[in-house]
Amino acid sequence: MNNRCVAHRGFSGAAPENTLAAMRLAMKIREVEWIEIDVQLSSDGVPVVIHDFTLGRTAGGSGIVRDHTLAELKKMDAGRWKSRWYAGERIPTLGELLDEVRGRLKVNIELKAKADSYTGLAAAVLKEVALRKMEQDVVLTSFIPDALLEARALAPGVRRGLIIDTRPPDLEQRLEECGCKLLSIAHGKVDAAFVRSTIERGIDVMVWTVDHIRRMRELGSMHPDLMICTNRPDRWQLARKLPEIRERAIWRRWMPF
């Protein structure tokens, strides 16, 4: 199993999601090539890394992310909800996160937009990417086609990906309209034939979010280029090495010396 691993919101199974702590932990697993993060705008236009549109679950705050300035967001604790060991972890800006992983990881940046909000998010994200010359190290993804179309107009050379949790009959048309070269899809919606045909058309496929070793191996067997997004890159590492581990166990059984 040689599939590429995408650490979902960093190593979010062990550290608070979308924080620098989660990214640093993911980087300790040498084989991890990608991370997936979520980006929104603060009220003063700074792209920040957080999944929920509201602040209660992971930041201990109240209200909506876009209604707070960066200074206000930075006062919130983005780690205590996960563990007391991570108390004091802050919501990172996209710039801070890119500085942390530059030269080490590629980044799947989900544009957390709604159909009626966050015009300008793609522009703010692309500015941070361009400042660090990381255009070839990122892919911008979203559920919202308008966000992808905005990204396409501003930086057609930066890869884009459509996120879906179903397989609509017009999927190929949707990908083409947004100029997407990546499909990010719920893992329960794929089979080997679909994965193979999509990849053969030149579209990368990433499945989310897979935390069980058996399912990782099932998905890995569908195609070696299928990307697997997981909260637990340590389990992906184990799934990848499982045949080798079994072989060693058998060898030790018969050759105990």
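User: A cavity is a set of points where a 1.4 Å probe fits but cannot get out. In this predicted model, what volume does the largest cavity have?
Analyst: Let's start with what there is to choose from: the structure holds 1 cavity of 30 Å³ or more. Its lining divides into 6 nonpolar, 4 polar and 1 charged residue. As for the volume of the largest cavity, the figure is about 80 Å³.

User: Asn18 is in the lining of that cavity. Is Asn18 buried or exposed?
Analyst: First, place it: Asn18 sits in the loop between β1 (5–8) and α1 (20–27). Its phi is positive, about 60 degrees, although Asn18 is not a glycine. Residues under 20% relative accessible area count as buried. Asn18 has 1% relative accessibility, so it counts as buried.

User: Lys133 has a positive phi too. Is Lys133 buried or exposed?
Analyst: Lys133 comes just after α5, in the loop between α5 and β5. Phi is near 55 degrees here, and Lys133 is a residue other than glycine. The mark for exposed is over 50%. At 68% relative accessibility, Lys133 therefore counts as exposed.

User: What about the largest pocket: which elements give two or more residues to its lining?
Analyst: The pocket holds about 170 Å³ of space, and 16 residues line it. Lying nearest its centre are His8, Glu36, Glu110, Phe143 and Trp208. The elements that give two or more residues to the lining are β2 (34–41), β4 (106–111) and β8 (204–208).

User: How many charged residues are in the lining of that pocket?
Analyst: Take the 16 lining residues by class. The nonpolar ones number 5 and the polar ones 6. For the charged class, the count is 5.

User: Trp208 came up among the residues nearest the pocket centre. The peptide bond from Trp208 to Thr209 has omega near what value?
Analyst: Trp208 belongs to the stretch of β8, residues 204–208, while Thr209 lies in the loop between β8 and α9 (213–220). The peptide bond from Trp208 to Thr209 is cis. Its omega is near -25 degrees.

User: Let's look at a helix. Within what arc do the buried residues of α6 fall?
Analyst: Helix α6 covers residues 145–154, and its buried residues are Ala147, Leu148 and Ala151. Looking down the axis, these line one face of the helix, because they fall within an arc of 95 degrees.

User: And which residues are exposed on the other side of α6?
Analyst: The buried residues of α6 pack against β4, α5 (121–131), β5 (138–142), β6 (159–164) and α7 (171–178). Now turn to the other side of the helix. The exposed residues there are Asp146 and Ala153.

User: α5 is one of those partners. Which elements are included in what covers the buried residues of α5?
Analyst: Begin with the residues themselves: Leu121, Ala122, Ala124, Val125, Leu126, Glu128 and Val129 are buried in α5. Their cover includes β2, β3 (47–49), α4 (94–101), β4, β5 and α6.

User: How far is Gln237 from Asn2, C-alpha to C-alpha?
Analyst: Gln237 is part of helix α10, residues 233–254. Leaving out residues up to four places away in sequence, Gln237 touches Ile29 and Glu31. Along the chain, Gln237 and Asn2 are 235 residues apart. In space, their C-alpha atoms are separated by 9.9 Å.

User: Is Gly56 in α2 buried, partly exposed or exposed?
Analyst: Helix α2 runs over residues 56–59, and Gly56 is in it. Gly56 and Ala78 are 22 residues apart in sequence, with 9.9 Å between their C-alpha atoms. Buried needs under 20% and exposed needs over 50%, with partly exposed in between. Gly56 has 44% relative accessibility, so it counts as partly exposed.

User: Stepping back, what is the radius of gyration of the chain?
Analyst: The chain has 10 helices and 9 strands, and its C-alpha atoms fill a box of roughly 65 × 45 × 30 Å along the principal axes. A compact globule with 257 residues would have a radius of gyration near 18 Å. The value for the chain agrees with that, at 19 Å.

User: What share of the chain's residues is buried?
Analyst: Take the contacts with a separation of 6 or more: residues 24 or more positions apart account for 56% of these. For burial, the share is taken over the 257 residues in the chain. Buried residues make up 51%.

Key
Residues are numbered from 1 along each chain as its sequence is written. This is a predicted model: local features need pLDDT of at least 70, side-chain atom pairs count only at pLDDT 80 or more; totals for chains, interfaces and linings use all residues. Side-chain values use heavy atoms; hydrogens and water are left out. On a 1 Å grid over the protein atoms alone, a cavity is a set of points where a 1.4 Å probe fits but cannot get out, and a pocket is an open set with protein on both sides within 12 Å along at least five of seven lines; lining residues have an atom within 4 Å of a point. Grid points are joined across faces, edges and corners, and a volume is the space filled by probe spheres set on the points. Helices (H or I, at least four residues) and strands (E, at least two) are DSSP runs, numbered from the N terminus. Ala, Val, Leu, Ile, Met, Phe, Trp, Tyr, Cys and Pro count as nonpolar, Asp, Glu, Lys and Arg as charged, and the others, Gly among them, as polar. Buried means under 20% relative accessible area, exposed over 50%, partly exposed in between (1.4 Å probe, protein chains only). The arc is that of the directions from the helix axis to the C-beta atoms. Contact means heavy atoms within 4.5 Å. The radius of gyration is taken over C-alpha atoms; the globule rule is 2.2 Å times the number of residues to the power 0.38.
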